[in-house]
Structure formats: C-alpha cells, structure tokens
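Biologist: I am new to reading helical proteins. Could you walk me through one, step by step?

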Amino acid sequence: MYIWTNPFLILFLILPPIAIVYDWKAKSRVELQTLFYWYIAAGYILINISLHYSQYRLGAYLQALENPPPELTVRWEADGAANLFCFVFGWVYALVYFSVWRLVYFIIKKCKP
C-alpha cells in the first residue's frame, strides 16, 4: 500500500502550497494568518479521515487475503495509539506542516528583490 493512494493525505499535503501560491500571486483579500487557521481546522479533519481511510483499506486488504501475513494483521489490530494520537493531536500535524510552508514563503518573499 502506497502513501499516494490515499486521496485525503494528498489533499492534506497540497493545500498549503496552493493556498500560499494563491495568496502570493492573487494578492488575495484573505490574510495568510486566516488561511493558517482555516488550514489547521481542515488539516485536522483531513489527517483524521486519512488515518481512518488507511486503516479501512488495510482491513479490506487483509479480508481479501486467504492467509494474511501476521505482521500486517498485528499492524491492523494495534492501531489504537495512532488513532488516539491523531484524534487528540491531529491539529499539530497541520500546524507544523503549514508553518514550514509559511517559513518557505517568507524566505522567498524576503529574498525576492
């Protein structure tokens, strides 16, 4: 199972660069800080859906196999910690990821003459 087969994770990853490029090119009326807050909320939802989608796909894959490998079965059964962390701290993923893109944006903006 590849990471790129999860559409929610792909959306989570491409939204910040799209929002920042839109803000940069369109000189939008929406401030980058507002986009930042919106992305934290949307990113929290997307990362949680992404995790549950991944677990669902793994479960469907295991059911399709006649004799599933034990390591995949253990991975599917022992998902409680990942689910709990993502549910409680999923917003941190979005905060850190968008912050990195904001930093890149400000560095490019400062270096541009």
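Modeller: Gladly! Let's begin with one residue and its neighbours: leaving aside residues up to four places away in sequence, Ile20 touches Leu32, Phe98, Trp101, Arg102 and Tyr105. Keep in mind that this is a predicted model.

Biologist: Where does Ile20 lie, and is Ile20 buried or exposed?

Modeller: Ile20 belongs to helix α1. Its relative accessibility is 6%, and buried means under 20%, so Ile20 counts as buried. Here is a nice detail about one of its partners: Ile20 and Trp101 are 81 residues apart along the chain, yet their C-alpha atoms are separated by 7.7 Å.

Biologist: How do I describe two helices that pack together?

Modeller: Two numbers do the job: the angle between the axes of the packed helices and the distance between those axes. Take helix α1 (residues 7-26) and helix α2 (residues 32-64), which pack at about 170° with axes 8 Å apart. Angles over 145 degrees count as roughly antiparallel, and therefore α1 is roughly antiparallel to α2. Their crossing is right-handed.

Biologist: Which residues of α1 and α2 meet?

Modeller: On the α1 side they include Phe8, Leu11, Phe12, Leu15 and Ile20, and on the α2 side they include Leu32, Leu35, Tyr39, Gly43 and Ile47. Sorted by class, this contact of α1 with α2 has 16 nonpolar, two polar and one charged residues.

Biologist: What does Phe12 touch?

Modeller: Not counting residues up to four places away in sequence, Phe12 touches Tyr39, Gly43, Leu46, Ile47, Tyr93, Ala94 and Tyr97. Some of these partners also appear in the next helix pair, so to speak, as we turn to α1 and α4.

Biologist: At what angle do α1 and α4 pack, and how far apart are their axes?

Modeller: The angle is about 35°, and the axes are 10 Å apart. Here too the crossing is right-handed. From α1, the contact uses Phe12, Leu13, Pro16, Pro17, Ile20, Asp23 and Trp24, while α4 brings Tyr93, Ala94, Tyr97, Phe98, Trp101, Arg102 and Tyr105. By class, that contact has 12 nonpolar, no polar and two charged residues.

Biologist: Which residues touch the most other members of the largest nonpolar core?

Modeller: That core has 16 residues, and the ones touching the most other members are Phe12, Ile20, Leu32, Leu35, Tyr39, Ile47 and Phe98. You have already met Phe12 and Ile20 in the contact of α1 with α4. The elements giving two or more residues to the core are α1, α2 and α4 (80-111). Helix α2 supplies the largest share, eight residues.

Biologist: How does α2 pack against helix α3?

Modeller: Helix α3 covers residues 70-77, and α2 packs with α3 at about 140°, with the axes 10 Å apart. That angle makes α2 oblique to α3. This time the crossing is left-handed. Ser54, Gln55, Leu58, Gly59, Tyr61 and Leu62 of α2 meet Leu72, Thr73, Arg75 and Trp76 of α3. The residues of this contact divide into five nonpolar, four polar and one charged.

Biologist: Is Gln55 buried or exposed, and what does Gln55 touch?

Modeller: Gln55, in helix α2, has a relative accessible area of 13%, so Gln55 is buried. Setting aside residues up to four places away in sequence, Gln55 touches Arg75, Trp76, Asp79 and Asn83. Arg75 and Trp76 are also among the α3 residues that meet α2.

Notes. Residues are numbered from 1 along each chain as its sequence is written. This is a predicted model: local features need pLDDT of at least 70, side-chain atom pairs count only at pLDDT 80 or more; totals for chains, interfaces and linings use all residues. Side-chain values use heavy atoms; hydrogens and water are left out. Axes are lines fitted to C-alpha atoms, for helices over the stretch in contact, and angles run from 0 to 180 degrees between N-to-C directions. Helices (H or I, at least four residues) and strands (E, at least two) are DSSP runs, numbered from the N terminus. Angles under 35 degrees count as roughly parallel, over 145 as roughly antiparallel, 65 to 115 as roughly perpendicular and the rest as oblique. A crossing is left-handed if the near helix is turned anticlockwise from the far one by less than a right angle, and right-handed if clockwise. Contact means heavy atoms within 4.5 Å. Ala, Val, Leu, Ile, Met, Phe, Trp, Tyr, Cys and Pro count as nonpolar, Asp, Glu, Lys and Arg as charged, and the others, Gly among them, as polar. A nonpolar core is a set of buried Ala, Val, Leu, Ile, Met, Phe, Trp, Tyr and Cys residues joined through side-chain atoms within 4.5 Å. Buried means under 20% relative accessible area, exposed over 50%, partly exposed in between (1.4 Å probe, protein chains only).
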